[in-house]
Amino acid sequence: MKAKLVLLPGDGIGPEIISETVRVLEVIAGKYGHSFSYTERLMGGCSIDQYGSSLTDETLVDCQAADAVLLGAVGGPKWDDPKAKDRPERGLLALRKGLGVFANLRPVKVHPALIDSSPLKPEKLIGVDILVIRELTGGLYFGWPKGRDVKDGRERAVDTLEYYDYEIRRVMELAFKLAKGRKKKVTSVDKANVLESSRLWRQIAVEIGSQNPDVTLEHVLVDTASMRLITGPAAMDVVVTENMFGDILTDEASVLAGSMGMLPSASLGAGGPGLYEPIHGSAPDIAGKGIANPVGTILSSAMLLRHSLGLETEAASIEKAVDETITAGARTSDLGGKLSTRQMADEIIKRL
Ligand code: NAD
């Protein structure tokens, strides 16, 4: 197959982990007879420096015309001024919105050989295999009105948690679809005891649940869900939730896996190009040293092959190679080892 990919290496360690991931994709292309073309564009802080904008219209158009987009990470202290008129994260939000990617998928699996890297007790981690699905383009981060004003002589700040039924329905349908290929259990996380938007969320979860009787649906309040992720993560399968709840819970869940550097993500919409990126940031503290763990990005490329290109065998072969690499004891410094980014990728490529 032929596929057009846009690469957005971004800032910090982004370029280091993206170049290793492209080597992995090229091995896959060679082995399975595919042809991937890569268009590299600036996004984030580097784009502010070059063009005065964290995401230019041209870059967004290129992304929209691609089969999939692979992103490293954006941000860093250089662009941290809260008063700046543009910030790297703005580019990320604009990219998600511009691609219409409404569902963020974050699989969290604990590799048996890394159980000791997690702060949780080993017995809690056996069998952990969770897919958190975060609604990505609605909710508190996008609701209107928002802003500051002065009311009754007091400074006031307003954010709005707003959802339309269709926004909940499409992410819920995806959760049930993906649960069918897994353990057939959906945990819908909300705050229905307090929030009206959560009562609509729950109502639609029940509606989609009734159309999918082979999948077990449970409703869990977000505060309880945050506890369960620590006390009983192995009992969870697919977790689906609102944008801000998901932002917080996905980071909490990532701790289970031992290192941020291990975890991939996919952001999907209705048929357009998907956006794939590791869950970590640009790690300015180790940028340029060649020691970043490339696994989260390499596993993101496996998700790209699966969800955007339909290449399940190829995706699974990358995941298997990563699995074997970790089992064999290959470790970058975040996992207590000494391998460089390049050497870690070499270990994975060797097993492909
Ligand atoms: P971070 O994820 O960049 O780093 C947190 C810690 O984890 C650091 O010690 C870092 O060295 C380590 N780490 C992260 N990824 C690693 C990897 N692949 N290999 C080895 N170690 C790794 O989070 P932060 O320090 O809070 O943020 C740094 C910058 O990244 C900020 O500007 C932030 O806004 C941005 N950020 C971007 C994204 C994104 O692009 N999606 C996400 C989160 C943070």
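**From a buried serine to the ligand shell**

Once its neighbours within four places in sequence are set aside, S259 is in contact with D334 and L335. The structure is a predicted model, and this serine offers a convenient point of entry to it. S259 belongs to the loop that runs between helix 9, residues 243–254, and strand 11, residues 264–268. With a relative accessibility of 8%, S259 counts as buried, because the limit for that class is under 20% relative accessible area. Within its own loop region, a polar atom of the side chain of S259 lies 3.0 Å from the backbone nitrogen of G261.

From this loop one can step back to the division of the chain as a whole. The domain assignment separates the protein chain into domain 1, which is made of residues 1–101 together with 266–352, and domain 2, which covers residues 119–257. Where these two parts meet, seven residues from domain 1 and six residues from domain 2 take part in the contact, while the C-alpha centres of domain 1 and domain 2 are 25 Å apart.

A second buried position is T241, a residue of strand 10, which spans residues 238–241. Its relative accessible area is 0%, and T241 is therefore classed as buried, the cut-off being under 20%. What does T241 touch, if residues up to four places away in sequence are not counted? The partners of T241 are I133, R134, E135, V189, W201 and G246.

The remaining part of this account concerns the ligand. It is surrounded by 20 residues, of which E89, G281, A283, D285 and N293 are the closest. Sorted by character, the residues of this shell comprise nine that are nonpolar, seven that are polar and four that are charged.

Which atoms of the ligand lie close to N or O atoms of E277, G281 and N293? An oxygen atom of the ligand is 2.7 Å from a backbone N or O atom of G281, and a nitrogen atom of the ligand is 2.9 Å from a backbone N or O atom of N293. For E277 the protein atom belongs to the side chain, where an N or O atom is 3.3 Å from a nitrogen atom of the ligand. Taken alone, the ligand exposes 810 Å², and 69% of that area is buried by the protein.

How values were computed: Residues are numbered from 1 along each chain as its sequence is written. This is a predicted model: local features need pLDDT of at least 70, side-chain atom pairs count only at pLDDT 80 or more; totals for chains, interfaces and linings use all residues. Side-chain values use heavy atoms; hydrogens and water are left out. A residue is near a molecule or strand if one of its heavy atoms lies within 4 Å of it. A polar contact is a pair of N or O atoms within 3.5 Å; within protein, one must be able to donate a hydrogen and the other to accept it, and residues adjacent in sequence count only if both atoms are side-chain atoms. Accessible areas come from the Shrake-Rupley method with a 1.4 Å probe; for residues, only the protein chains shown count as cover. Ala, Val, Leu, Ile, Met, Phe, Trp, Tyr, Cys and Pro count as nonpolar, Asp, Glu, Lys and Arg as charged, and the others, Gly among them, as polar. Helices (H or I, at least four residues) and strands (E, at least two) are DSSP runs, numbered from the N terminus. Buried means under 20% relative accessible area, exposed over 50%, partly exposed in between (1.4 Å probe, protein chains only). Contact means heavy atoms within 4.5 Å. Domain bounds come from an automatic or database domain assignment.
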